[in-house]
Amino acid sequence: MNPTKIGGHEYFHKVVDCQWACPAHTPVPEYIRLIAAGRYSDAYMINWRSNVFPGILGRVCDRPCEPACRRGRVDSEPVAICRLKRVAADLKDDIHDRLPQPAKSNGKRIACVGAGPASLTVARDLSVLGYQVTVFDNGTAPGGMMRSQIPKFRLPDEVIDEECAYIVGLGVETRYNQWVGSLRDLLAEGRDAVFVGTGAPRGR
């Protein structure tokens with residue numbers, strides 16, 4: 001018998017419907033098992049690897065995983081996957097010692113325009129690979145649309161502050177209250193690449 005090929009997403013499409021439905025393919029059964037065992041910090045870190053902002057998503061995600069949940073076919077109701085993500089985020093211990101350490105600099109400098117979820121995700125992923133990342137935003141704090149477009153009763157500022165601070169703490173330089181008017185000027189300052197993550201905050 002050939003070994004099961006779990007390296008590709010096709011496997012999860014066949015076996016773990018909720019993980020396949022999640023845009024980030026988060027290992028849902030794994031972190032739910034950890035929550036059931038009371039290992040909230042471990043469950044949070046599993047989410048953090050693929051979701052970046054577990055505490056935020058646990059409050060505002062539109063939950064594509066839940067309609068795909070197989071328990072809905074058995075119990076008529078799916079597992080409350082999204083709310084469990086929030087449980088792990090709210091009940092975790094201090095996880096600073098679990099976060100990756102910035103890698104030795106590889107000499108490459110990256111500018112991220114905008115301090116919303118896209119730029120912060122890029123900053124998180126590149127900083128641990130040795131890139132020197134600078135995030136520019138014309139606002140006073142990170143978060144972008146998460147901070148400006150979602151009501152505070154759904155997503156308190158302290159949750160945004162905490163999850164953004166984990167990324168900034170990886171050695172990411174931030175420049176708030178700064179408008180970027182020219183990508184050419186950013187590159188002329190000796191940067192190797194620019195990521196534009198300004199979003200689309202204008203209402204329809």
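Here are some numbered notes on this model, going from the whole chain down to single residues.

1. **The chain as a whole.** Please keep in mind that this is a predicted model. The chain has 12 helices and four strands. Its C-alpha atoms fill a box of roughly 60 × 45 × 35 Å along the principal axes. Of the 204 residues, 37% count as buried. If you look at contacts with a separation of 6 or more, 66% of them come from residues 24 or more positions apart.

2. **Helix H3 and its two sides.** A good place to begin is helix H3, residues 28-36. Val28, Tyr31, Leu34 and Ile35 are buried in this helix. Why do they lie on the same side of H3? They cover an arc of only 135° around the axis, and that puts them on the same side. As background, an α-helix has 3.6 residues a turn, so residues three or four places apart point the same way. On the other side of H3, you will find Arg33 and Ala36 exposed. The cover over the buried residues of H3 includes H2, H4 and H8.

3. **Before and after H3.** Histidine 25 sits in the loop between helix H2 (17-21) and helix H3 (28-36). Its phi is positive, about 50°, although histidine 25 is not a glycine. For comparison, most residues other than glycine have a negative phi. Is histidine 25 buried, partly exposed or exposed? It counts as partly exposed, because its relative accessibility is 22%. After H3 comes glycine 38, which also has a positive phi, near 80°.

4. **The loop between H7 and H8.** Two residues are worth a look in this loop, which runs between helix H7 (71-75) and helix H8 (81-91). Serine 76 is one of them, and its phi is positive, near 70°, in a residue other than glycine. With a relative accessibility of 59%, serine 76 counts as exposed. Valine 79 is found in this loop too, but at 27% relative accessibility it counts as partly exposed. Which residues does valine 79 touch, leaving aside those up to four places away in sequence? They are Ile32, Glu66, Cys69, Arg71 and Leu84. Valine 79 and arginine 49, by contrast, are 30 residues apart in sequence and 22 Å apart in space, C-alpha to C-alpha.

5. **The aromatic pair.** How many aromatic pairs does the count give? The count comes to one. The partners are tyrosine 44 and tyrosine 166, arranged edge-to-face with 6.4 Å centre to centre and 70° between the planes. Tyrosine 44 lies in helix H4 (residues 40-51) and tyrosine 166 in helix H11 (residues 157-168), so the pair ties together parts that are 122 residues apart in sequence. Both tyrosine 44 and tyrosine 166 are buried.

6. **Charges over rings.** Tyrosine 44 has another partner: the charged end of lysine 92 sits over its ring, 4.8 Å from the centre. There is a similar arrangement at tryptophan 48, where the charged end of arginine 124 sits over the ring, 4.5 Å from its centre.

7. **Cysteines.** A disulfide is a covalent bond between the sulfur atoms of two cysteines. The count of disulfides in this model is zero. Why is there no bond between cysteine 61 and cysteine 82? The sulfur of cysteine 82 is the closest cysteine sulfur to that of cysteine 61, but at 5.1 Å it is too far for a bond, given a cut-off of 2.5 Å. Cysteine 61 counts as partly exposed, because its relative accessibility is 21%. For cysteine 112, the closest cysteine sulfur is in cysteine 164, and at 13 Å that is too far for a bond as well. Cysteine 112 is buried, with a relative accessible area of 0%.

8. **Strands S1 and S2.** Strand S1 (residues 109-113) is mostly covered, as four of its five residues are buried. Do S1 and strand S2 (residues 132-136) run parallel or antiparallel? They run parallel, and five bridges join them. To find the pairing by eye, look for valine 113, which stands opposite phenylalanine 136 in S2.

Terms used
Residues are numbered from 1 along each chain as its sequence is written. This is a predicted model: local features need pLDDT of at least 70, side-chain atom pairs count only at pLDDT 80 or more; totals for chains, interfaces and linings use all residues. Side-chain values use heavy atoms; hydrogens and water are left out. Buried means under 20% relative accessible area, exposed over 50%, partly exposed in between (1.4 Å probe, protein chains only). Rings of Phe, Tyr and Trp (its six-membered ring) pair if their centres lie within 6.5 Å; planes under 30 degrees apart count as stacked, over 60 as edge-to-face and the rest as tilted. A charge sits over a ring if NZ of Lys or CZ of Arg is within 6 Å of the ring centre and within 35 degrees of the ring normal. The arc is that of the directions from the helix axis to the C-beta atoms. Contact means heavy atoms within 4.5 Å. Two strands pair if DSSP finds at least two bridges between them.
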